[in-house]
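Student: I'd like to go through this one by asking what justifies each label. Can we take the structure piece by piece?

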Amino acid sequence: MFMATHLIGFGGGGGAPVTLSFTASPGEPTNSTTYTFSAVSIGTPAADRQVVVAVANDGSTRTVSSVTVGGTGLSSIVSINSTSTVHIWAGTIAAGTTADIVVTLNAISDGLAIGVWAMTGAAVGASATGTSTASPGSVAIAVPASGAIIAMCEHDVNGANITWGGGITEDYDAGVDTNFGHSGASSITLGGTTPTITSTYASGAPAPGMIAASWAPA
């Protein structure tokens, strides 16, 4: 299992810096309203660990009713429910290195995929959020000093299809089936700035929908 861990230094902000680890990006192409991803890596246990789950579903105008990690519910951070339906949820999960992640929708989807990060040292609740339904996607979002940012989008082809810009680092870009893929990116080096994050589709018919959220240190 690939895990990318970043640690920033102090950038003029108070408090210890946020740490962020990308842990997994599973997908499921079947039709359902409830998707269970079993034994997903959620990083190293910590009292203040927040698990961030980015959700992309293959079907328009779907809303996410709930996201649970090991039975504990997360809170909705930001979403788009239109041509693309993409969502970021997060919550404190102190114990465990793996957990079942369950996503429940309001209607049947043609498939669903998630990206997962473990975050420590962050305030509970996002500092800022942003959405874009343009193609390419573009979001200008303030990142607090010593903070973190996560962005994700959906696309309509199988395989890698997204180029991220604005100083953010791609964590995954994967197809789920022939007409559905997802990509996510993150950074803890953009603190104290307001970058314009972009997601550019390389091929295929895009499903414009990109979201981003930033967190301040606790």
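Student: What makes S14 and S19 a pair?

Tutor: This is a predicted model, and a pair of strands needs at least two bridges. Strand S14 (residues 148–155) and strand S19 (residues 210–215) are joined by 6 bridges in the antiparallel sense, so they pass as a pair by that rule. If you want a spot to look at, Met152 stands opposite Ile211 in S19.

Student: Which sheet do they belong to, and why is it called open?

Tutor: The order is S12-S19-S14-S17-S16, 5 strands with antiparallel pairing. Strand S12 (128–132) and strand S16 (169–177) sit at the edges with a single partner strand each, so one side of each has no neighbour in the sheet. From one strand to the next, the twist averages 10°.

Student: What makes S16 and S17 a hairpin?

Tutor: They pair, and there are 2 residues between them. The pairing of S16 with strand S17 (residues 180–187) is antiparallel and runs over 7 bridges, against a requirement of at least two. Asp177 stands opposite Phe180 in S17.

Student: Which strands make up the open sheet of 4 strands?

Tutor: That sheet has the order S4-S10-S6-S7, again with antiparallel pairing. Here S4 and strand S7 (72–73) are the edge strands, each with a single partner strand, so each has one side left without a neighbour in the sheet.

Student: How do you know that S10 has S4 and S6 as partners?

Tutor: Count the bridges. Strand S4 (residues 32–41) and strand S10 (residues 98–109) are joined by 7 and run antiparallel. Strand S6 (residues 64–69) is joined to S10 by 5, also antiparallel. Both pairings meet the minimum of two bridges. On the S4 side, Tyr35 stands opposite Val103 and Val40 stands opposite Ala99. On the S6 side, Val64 stands opposite Leu105.

Student: What is notable about the phi of Ala39?

Tutor: Phi of Ala39 is near 50°, a positive value in a residue other than glycine. Ala39 lies in strand S4.

Student: Where is Ser146, and what is its phi?

Tutor: Ser146 is in the loop between S13 and S14. Its phi is near 65°, again positive in a residue other than glycine.

Student: Why is Ser146 called buried?

Tutor: The cut-off for buried is under 20% relative accessible area. Ser146 has 2%, so it counts as buried.

Student: What makes the bond between Ser135 and Pro136 cis?

Tutor: Look at omega, which is about 5° for the peptide bond joining Ser135 and Pro136. Pro136 is in the loop between S12 and strand S13 (137–140).

Student: Which residues have the most contacts inside the largest nonpolar core?

Tutor: Those are Val52, Ile88, Trp117, Met119, Met152 and Trp215, in a core of 26 residues. Among the elements giving two or more residues to this core are strand S2 (19–24), strand S5 (50–57), strand S9 (85–92), strand S11 (112–120), S14 and S19. There is also a second, separate core of 21 residues, which includes Phe37, Val53, Val55 and Val64.

Student: What is Met119 in contact with, beyond its neighbours in sequence?

Tutor: Leaving aside neighbours within four places in sequence, Met119 is in contact with Val18, Thr19, Leu20, Asp48, Arg49, Gln50, Val52, Ala148 and Trp215. Val52 and Trp215 are also on the list of residues with the most contacts inside the largest core.

Student: Why does the radius of gyration agree with a compact globule?

Tutor: For 218 residues, a compact globule would come out near 17 Å, and the protein has 16 Å, so the two agree. The C-alpha trace spans about 45 × 35 × 25 Å along its principal axes.

Student: How much of the protein is buried, and what makes up its accessible surface?

Tutor: Of the 218 residues, 51% count as buried. The accessible surface comes to about 7,900 Å², and 52% of that belongs to carbon and sulfur atoms.

Student: And what does the secondary structure come to?

Tutor: 0 helices and 19 strands. As for the contacts with a separation of 6 or more, 76% are between residues 24 or more positions apart.

Terms used
Residues numbered from 1 in each chain as written. Predicted model: local features only at pLDDT ≥ 70, side-chain atom pairs only at ≥ 80, totals over all residues. Heavy atoms only, no water. Axes fitted to C-alpha atoms, helices over the stretch in contact; angles between N-to-C directions. Core = buried A, V, L, I, M, F, W, Y, C linked by side-chain atoms within 4.5 Å. Buried < 20%, exposed > 50% of the residue type's maximum accessible area, 1.4 Å probe, protein only. Contact = heavy atoms within 4.5 Å. Rg over C-alpha atoms; globule rule 2.2 N^0.38 Å. Areas by Shrake-Rupley, 256 points an atom, 1.4 Å probe, with all protein chains shown as cover.
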